[in-house]
Amino acid sequence: MTAADRVRALVDAVGEVDEGARAGAVARWDALAKPPGSLGRVEAVGARLAAMAGEEVPPVPASPGLIVCAADHGVHAQGVTPWPQAITTAMVEVIADGKASCSALARTVGASVVTLDVGCAVEPRPREGLTSARVAAGTADLSVGPAMTADEVVLAVLAGATAAGQMLDDGVDLLVLGDMGLSNTTASAALIAAFTGASAEEVTGAGAGADADTLARKQSIVRGAVGRLPSGAAPLEVLAAVGGLEHAALVGAILVGAGRRVPVLLDGVITDAAALCAAALAPACVGYMIAGHLSTEPGAGVALRHLELDALLDLDLRLGEGTGALLAVPIVQAAARALAETALISELTPG
Ligand SMILES: O=C(O)c1ccc[n+]([C@@H]2O[C@H](COP(=O)([O-])O)[C@@H](O)[C@H]2O)c1
Ligand SMILES: Cc1cc2nc[nH]c2cc1C
């Protein structure tokens, strides 16, 4: 099987969620010892978990696992971020060592962490907690030509798929997505514009601290790159033209989670951009996505509206690393637990 065939198999493995199980869960929520609808959107999360699992009372996710997909971007050379590119590798090492913000949040919610280097410009030093699946030393500059070759995209998708598959084999039952990569809010904005049809202005934000001049430069780069896309470009062609290696790895992770009927928790604008690509490849995989939070990056809201996903949290986060998704883990777990463990209204013995 060629690498491209293996990606096709990942896409083909994604099945529709079970609408019957969802309807059963909705009916069960209404029969529990509480006023109907009183757990608000938590009830919708529970019903969606039922649809994903194909069971009216879905299992409570007990083993969340975070995969942080990391890579660098050639467009960094255009001055789209105030941060040096070397910070990507430095942060990858910090995440693998358990000393990043996401590490603290992962410990808070009991999530395991895998840090996946699919293409940092400078190779991180080997350490426990770091998986090396380097496809290239960063992408090419998307402002002057395609960021990746077709082969690179496929290899990065498979790298994310393999890492996520390993996590699921190890017992992870809630796949939490995160990213690390300086300049990746530019690539994310371009992906979101390409997949939703929104303008560069609507989807481009300040990222990790762009000033007004830098933001204007980012917008113009996004406009130009999206404008050069051939009309009717296939999802993987769009990804190759304007995306990043970490976006591609995230697409692979999403396809594997959805293909194995495991809930996939999205984080900020980078994972939202990858989610659009995964949805373009396999529309049914949206049924397995849960939007952990709404990033302050404007493209995040545009992407989630396109996917018709409601973010669970809105805390003004704009960090990445999976931090917003991790914070949403207890809500997902609570939704399944309340659905399973609350008494029925018919069991009440008033007076
Ligand atoms: O998750 C988000 O929505 C988010 C929003 C702004 C910035 N980030 C993080 O900041 C880095 C990209 O920012 P920038 O300005 O270099 O494109 C990258 O490492 C992301 O994880 C992440
Ligand atoms: C320090 C730093 C940490 C990050 N974590 C995710 N993106 C980041 C960007 C920067 C700059």
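**Chat about two helix pairs and a ligand**

Modeller: Let's start with ligand 2 in this predicted model: by class, the shell around ligand 2 has six nonpolar residues, one polar and one charged.

Colleague: Okay, which residues surround ligand 2?

Modeller: You'll find W83, I87, M91, M180, A208, L319, G320 and E321 around ligand 2. Going by the classes, Gly counts as polar and Glu as charged.

Colleague: Cool. Switching to helices: at what angle do α6 and α11 cross?

Modeller: Roughly 45°, and the axes of α6 (residues 150-169) and α11 (residues 245-259) come within 6 Å. That makes α6 oblique to α11.

Colleague: And which hand does the crossing of α6 and α11 have, left or right?

Modeller: The crossing of α6 and α11 is right-handed. Residues making the contact include A156, G160 and A164 on the α6 side, and A249, G252 and V256 on the α11 side. Sorted by class, the contact of α6 with α11 has 17 nonpolar residues, four polar and one charged.

Colleague: What about α7 and α9, how do their axes meet?

Modeller: The axes of α7 (residues 184-196) and α9 (residues 212-227) come within 9 Å, crossing at roughly 45°. So α7 and α9 are oblique to each other, and α7 passes α9 in a right-handed crossing.

Colleague: Which residues meet there?

Modeller: From α7 it's T186, A189, A190, A193 and A194, and they meet K218, I221, V222, A225 and V226 in α9. The contact of α7 with α9 divides into eight nonpolar residues, one polar and one charged.

Methods. Residues are numbered from 1 along each chain as its sequence is written. Chains are lettered from A and ligands numbered from 1 in the order in which they are written. This is a predicted model: local features need pLDDT of at least 70, side-chain atom pairs count only at pLDDT 80 or more; totals for chains, interfaces and linings use all residues. Axes are lines fitted to C-alpha atoms, for helices over the stretch in contact, and angles run from 0 to 180 degrees between N-to-C directions. Helices (H or I, at least four residues) and strands (E, at least two) are DSSP runs, numbered from the N terminus. Angles under 35 degrees count as roughly parallel, over 145 as roughly antiparallel, 65 to 115 as roughly perpendicular and the rest as oblique. A crossing is left-handed if the near helix is turned anticlockwise from the far one by less than a right angle, and right-handed if clockwise. Two residues are in contact if their C-beta atoms, placed from the backbone, lie within 7 Å. A residue is near a molecule or strand if its C-beta atom, placed from the backbone, lies within 6 Å of it.
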